[in-house]
Amino acid sequence: MTYEVTLIDADIRDPLDGEMRLGLTYDGKTACEVAYKWDDTSFSAVFHGHAPSLPVPAHPATFIERPIAAIQAVRSGKHKRPSDVFADHRVFISLDTKD
């Protein structure tokens, strides 16, 4: 089962100072959101949704970690910021595997 990761908004001022909000869509509808915020001393991520009732349920931590891993997997040297990958890639996470 697959969710598409969509960029809602991002304000990445520096590699060690930014915010990014992602949506996870399933069957064309936004199922939940994940908000990330980081600076040179901390990183936080907040899952907005009810994980057990999603079309493909998983632990909230899965919905936090997998989008970042999927973004990093398609990120190349031409992408200055993580949010830049959305300009030329569609990003997906699969809950069928542990990858």
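This report walks through the fold, the core and a few single residues of a predicted model.

## The overall fold

Let's start with the building blocks. The chain is made of 5 strands and 1 helix. If you trace the chain from the N terminus, you meet these elements in the order β-β-β-β-α-β. The radius of gyration is 13 Å, close to the 13 Å that the globule rule gives for 99 residues, so the chain is as compact as a globular protein of that length. Want a feel for the dimensions? The C-alpha trace spans about 35 × 30 × 25 Å along its principal axes.

How much of the chain is tucked away? Of its 99 residues, 32% count as buried. Now look at contacts with a separation of 6 or more: 39% of them involve residues 24 or more positions apart.

## The surface and its charges

On the outside, the chain exposes about 6,000 Å². Carbon and sulfur atoms supply 52% of that area.

The chain also carries 11 positive and 15 negative charges. Take the mean position of each set, and the two points turn out to be 2 Å apart.

## Inside the core

The largest nonpolar core has 22 residues. Which of them touch the most other members? That would be Tyr3 and Phe63. Several elements give two or more residues to this core: β1 (2-14), β2 (17-26), β3 (29-38), α1 (60-74) and β5 (91-94). The top contributor is β3, which gives the most, with 4 residues.

Tyr3 is worth a click in the viewer. Setting aside neighbours within four places in sequence, Tyr3 is in contact with a long list of residues, including Leu24, Ala31, Leu54, Val56, Phe63, Val91 and Ile93. Thr25, Tyr26, Pro55, Phe92 and Leu95 are also among the contacts of Tyr3.

## A proline in the helix

Next, find Pro67, which sits in helix α1. Is Pro67 buried or exposed? Pro67 has a relative accessible area of 1%, so it counts as buried.

Who are its partners? Not counting residues up to four places away in sequence, Pro67 touches Val5, Leu22, Leu24, Tyr36, Thr62 and Ile93. Leu24 is a shared partner here, as it is also in contact with Tyr3. For a sense of distance, the C-alpha atoms of Pro67 and Asp27 are separated by 17 Å, and these two are 40 residues apart along the chain.

## Two aspartates in loops

Asp27 is found in the loop between β2 and β3. With a relative accessibility of 71%, Asp27 counts as exposed, because the cut-off for that label is over 50%. Check its backbone too: phi of Asp27 is near 55°, a positive value in a residue other than glycine.

Asp40 sits in another loop, the one between β3 and β4 (43-48). Asp40 counts as exposed as well, at 62% relative accessibility. Measure along the sequence and Asp40 is 22 residues from Gly18, while in space the two are 9.7 Å apart, C-alpha to C-alpha.

## A histidine in between

Last stop: His48, which lies in strand β4. Its relative accessible area is 43%, so His48 is partly exposed.

Which residues does His48 contact, leaving aside neighbours within four places in sequence? They are Cys32, Glu33 and Ala35. His48 and Ile64 are 16 residues apart in sequence, and their C-alpha atoms are 9.9 Å apart in space.

Notes:
Residues are numbered from 1 along each chain as its sequence is written. This is a predicted model: local features need pLDDT of at least 70, side-chain atom pairs count only at pLDDT 80 or more; totals for chains, interfaces and linings use all residues. Side-chain values use heavy atoms; hydrogens and water are left out. The radius of gyration is taken over C-alpha atoms; the globule rule is 2.2 Å times the number of residues to the power 0.38. Buried means under 20% relative accessible area, exposed over 50%, partly exposed in between (1.4 Å probe, protein chains only). Contact means heavy atoms within 4.5 Å. Accessible areas come from the Shrake-Rupley method with a 1.4 Å probe; for residues, only the protein chains shown count as cover. Lys and Arg count as positive and Asp and Glu as negative; His and the chain ends are not counted. The place of a charge is taken as NZ of Lys, CZ of Arg, CG of Asp or CD of Glu. A nonpolar core is a set of buried Ala, Val, Leu, Ile, Met, Phe, Trp, Tyr and Cys residues joined through side-chain atoms within 4.5 Å.
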